[in-house]
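The following paragraphs walk through a structure, from individual residues to a helix and its surroundings.

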Amino acid sequence: LMPVAAKEGNEKKPQNKGTLIQQAAASVNADSIFGALRRGQAVNVGFGSIMIEQDLMEIPMFKACSASFVSALAQDASETTKAFSEGQVIQEAGAPGKSMVLLTRGAAQVMKKGEVLMNLKQGNHYGETMLLGLEQVWRVSLVSLSSSMIIEIRRDSFRRILEDFPVEIKQFESFFDVTLDQLFSGTRSNTCDIFTGLSMKTLEVFDEHILRRVFFPGETVLQEGDDSKEL
């Protein structure tokens, strides 16, 4: 979007990107979206890619990527953005894992067998292991805690877009060749000290409850002051 030149004496200041994003968000028919949410329906929002691009740039795994690569991802993700009401399941455990979810508005919980494992707030993401092909099935459920909006980055689209960006391929290619031994490192293979001596059956049970995450430079792994009950 380009600012239109105003008449002399009535000059308008160019709008910054943040203002344009707010205007784009305001253009969405809020009544129809949240009316559907109240009826318990997931809604495809269809936000413009300019909004999504800014959200993606805040994710550490994409911060070292070129603007053109992020723009291509945003363009694809604009077809998958959805809104959910409180209590709706965003992703269900056991479903095929084909994408990463970014929470752009609202809040959600990561749950397994009725237990809350972690909370997600606006700007948080989950499912990077699915995006990178390290896991193929959702091991947890994502449940919306409020009226929420999400973006999906699809693995197939991610791989297809990477083909046109050789620099970005080098950033991510190491993940595409991860072996099962590496994926289960710490439990079934290269068992860490705290688990030494436990039976393979016990280690397999542990594996079923482990949350596998991938962290990139600059990303916070643990936050001081947060409640914690995990290793």
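Buried here means under 20% relative accessible area, exposed means over 50%, and partly exposed lies in between. The model is predicted, and the values below are computed from it. Cysteine 65 has a relative accessibility of 7%, so this residue counts as buried. Cysteine 192, at 30%, is therefore classed as partly exposed. With a disulfide taken as a pair of cysteine sulfur atoms within 2.5 Å, the count comes to zero.

The next stop is helix H5, which spans residues 67–77. Its buried residues are Phe69, Val70, Leu73, Ala74, Asp76 and Ala77. Viewed down the axis of H5, these buried residues fall within an arc of 160°, so they line one face of the helix. The general background is that an α-helix has 3.6 residues a turn, so residues three or four places apart point the same way. What do the buried residues of H5 pack against? Their partners are four helices and a strand: H3 (49–57), H4 (60–63), H7 (155–162) and H8 (166–172), together with strand E9 (148–154).

Alanine 108 offers a view from a strand, since its place is in E5 (residues 107–112). Is alanine 108 buried or exposed? Its relative accessibility is 2%, so alanine 108 counts as buried. Neighbours within four places in sequence aside, alanine 108 is in contact with Ile90, Leu103, Met118, Asn119, Leu120, Val143, Ser144 and Leu145. Between alanine 108 and glutamine 122, the separation is 14 residues in sequence and 8.8 Å in space, taken from C-alpha to C-alpha.

Terms used:
Residues are numbered from 1 along each chain as its sequence is written. This is a predicted model: local features need pLDDT of at least 70, side-chain atom pairs count only at pLDDT 80 or more; totals for chains, interfaces and linings use all residues. Side-chain values use heavy atoms; hydrogens and water are left out. Buried means under 20% relative accessible area, exposed over 50%, partly exposed in between (1.4 Å probe, protein chains only). Helices (H or I, at least four residues) and strands (E, at least two) are DSSP runs, numbered from the N terminus. The arc is that of the directions from the helix axis to the C-beta atoms. Contact means heavy atoms within 4.5 Å.
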